[in-house]
Amino acid sequence: MSLLVPQTFWDRLSLLHDSLATGECWNDVDSIAVPIDPPSEDAAFTKSSAFFIHLFGLELHDSLAMLCKGALHVLATDEKCAMLKALQEEGQSAGLKFQLHRVCKDNHESTHAILAKLVKSQAGRKIGCLEKIQFQSTLALALNKAIQSAGAECIDVTSVLGMALSVKDGHALATFRKAAVVTHKILKHSFVRLLEDAFDQAKSITHEEIATHVDECCEHPSKVNIKSPQGHYESCYFPIVQSGGKYDIRPSASTNGETLSDDVIIISLGVRYNFHCANMARTFFVDPVESVRLNYSILLELRRECLAVMLAGRCVGSVAETANRFIRQRCPHLLKFLPKNFGFGLGLDFRESSLIMNAKNQRKFAQNMVFNLAIGFHDLELTDMQKADAQGSIRKLSKYSMLIADTVLIQSGDEPPDIVTKHSVEWKDVSYFINEKNDKDIMPPQGKHYTPEQVFAPVHCFDDILQRSKGL
């Protein structure tokens, strides 16, 4: 990783400064102060890390940045200050200064003095802080002491900062797209091939073994013939592989060590490229029965409905509202299988907590925001009647889930969002028939009419689908 080019740095700094100067959306703070702790093996990625990467391209561990009206002040070691000097010298913005303050790790008194002077003379009475993070560095402790000594007030701006970083510039969008392309290619050339090999060779393999292989490909894309510099890619999380009747479609789900079952299989994976995250999930079906296909058709319709409201200016919560209204009107019996959340904002943070797509979120979509749209049904029932003609392992299932997730870019005006993880969701591309019956065989025979219970839903729910299906 390297520093941002000066122009990108100054552009981002100017936007952040101008946003802060308006005051209102920043809870009327006069400045923001963001420390970042020294590196640690078990340290989680925080909003502090996101701030430094957004502004500089690097985390700059054990430093502190204070953005005031008219100036950005950075306290850092001699080595880091020397590196940042290139940004200071090669670019600038009218009316905005970038000042470096060298600090010595062993000279705490000097550090305290620098911060006390800055807080008293530059920071104002209300200072925006990241209060949800428990900082441990000397600079963070010195900042707290300086704020208390000056009698200033510390205001939490964690969510505000998240929103400020949520609209991406051209440089960030290009990076997101690269992360999305690699995510798709790993799904296609790693997971799908592994899955098909297991089917073709009747090979026993565990969820954990599959996830480990996919994870290695995320860390080293060259394993699937993706040419990229070493160290630029990593997993956003350990891939999630599920089958055999035990499913969890929440982002917090985990992979277990059970053997892959050839029934309903869900894979979720995410790739981080230069700290920018992409995510996707797909569900694959092996020897599925007709009720499964019909429910998947409804899921695809639901996905289209949700994508249609992901427009600049619309409320983030409109996705959940649209999903619930669509299912309530079309297939009310499926309402209890819907999740409460339908995804979240993506960025340097994998999951932007201010942009969760639930019905309560009144924040607005804006052009160049990036989201993970996740549409699914959890623990759908599969009765003996629905499995009467089933082949293979799906006969053992009493419940199953399905999930489709994609990285989605918000466009301008009424332009529909851009799905940047391109792997197909069409039935023909996610269904496999490895036993005696094939796709046509599982369709109800010509002239035979199934009861509503046999397709697991009231007939009116599937009117348009049934009209297009021969024999129903």
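Which residues of α1 are buried? In this predicted model, the buried residues of helix α1 are Pro6, Thr8, Phe9, Trp10, Arg12, Leu13, Ser14, Leu16, His17 and Leu20. The helix itself covers residues 6-22, and its length can be checked against expectation: at 1.5 Å a residue, its 17 residues should span 24 Å, and the end C-alpha atoms lie 25 Å apart, which agrees.

The protein chain as a whole contains 12 helices and 16 strands, and its C-alpha atoms fill a box of roughly 85 × 45 × 35 Å when the box is taken along the principal axes. Of the 472 residues in the protein chain, 56% count as buried, while the chain exposes about 21100 Å², of which carbon and sulfur atoms supply 48%. Among the contacts between residues at least 6 apart in sequence, 74% join residues that are at least 24 apart.

An open sheet of six strands, with mixed pairing, follows the order β4-β3-β2-β1-β5-β6. Its edge strands are β4 (97-102) and β6 (153-156), each of which pairs on one side only, and the twist from one strand to the next averages 25 degrees. At the β4 side of this order, strand β3 (residues 71-76) pairs with β4 in the parallel sense over six bridges, and Ala76 stands opposite Arg102 in β4. Helix α5 (residues 138-150) packs on the sheet, where it touches β1, β2, β3 and β5 (126-129), and its direction makes about 40 degrees with that of β2.

Helix α2 also meets these strands, for it lies across β1 (31-36), β2 (63-68), β3 and β4 and runs at about 105 degrees to β1. With a residue counted as buried when its relative accessible area is under 20%, 10 of the 10 residues of α2 (residues 47-56) are buried, so this helix is largely enclosed by the rest of the structure. The buried residues include the polar-named positions Lys47, Ser48, Ser49 and His54 as well as Ala50, Phe51, Phe52, Ile53, Leu55 and Phe56. Just after α2, Gly57 takes a positive phi of about 90 degrees.The nonpolar interior is described next. In the largest nonpolar core, which has 86 residues, Phe191, Tyr296, Leu302, Met310 and Phe377 touch the most other members. Helix α7 (residues 170-200) gives the most to this core, with 11 residues. When residues up to four places away in sequence are not counted, Leu302 touches Ala323, Phe326, Ile327, Leu338, Ile375 and Phe377. Apart from this core lies another, of 40 residues, among them Val29, Val34, Phe52 and Ile155.

A further position, Glu209, is found in helix α8 (residues 207-219). Because its relative accessibility is 45%, Glu209 counts as partly exposed, a class that falls between the cut-offs of 20% and 50%. Glu209 and Val319 are 110 residues apart in sequence, and their C-alpha atoms are 35 Å apart in space.

Key: Residues are numbered from 1 along each chain as its sequence is written. This is a predicted model: local features need pLDDT of at least 70, side-chain atom pairs count only at pLDDT 80 or more; totals for chains, interfaces and linings use all residues. Side-chain values use heavy atoms; hydrogens and water are left out. Helices (H or I, at least four residues) and strands (E, at least two) are DSSP runs, numbered from the N terminus. Buried means under 20% relative accessible area, exposed over 50%, partly exposed in between (1.4 Å probe, protein chains only). A nonpolar core is a set of buried Ala, Val, Leu, Ile, Met, Phe, Trp, Tyr and Cys residues joined through side-chain atoms within 4.5 Å. Contact means heavy atoms within 4.5 Å. The expected span of a helix is 1.5 Å times one less than its number of residues. Two strands pair if DSSP finds at least two bridges between them. Axes are lines fitted to C-alpha atoms, for helices over the stretch in contact, and angles run from 0 to 180 degrees between N-to-C directions. Accessible areas come from the Shrake-Rupley method with a 1.4 Å probe; for residues, only the protein chains shown count as cover.
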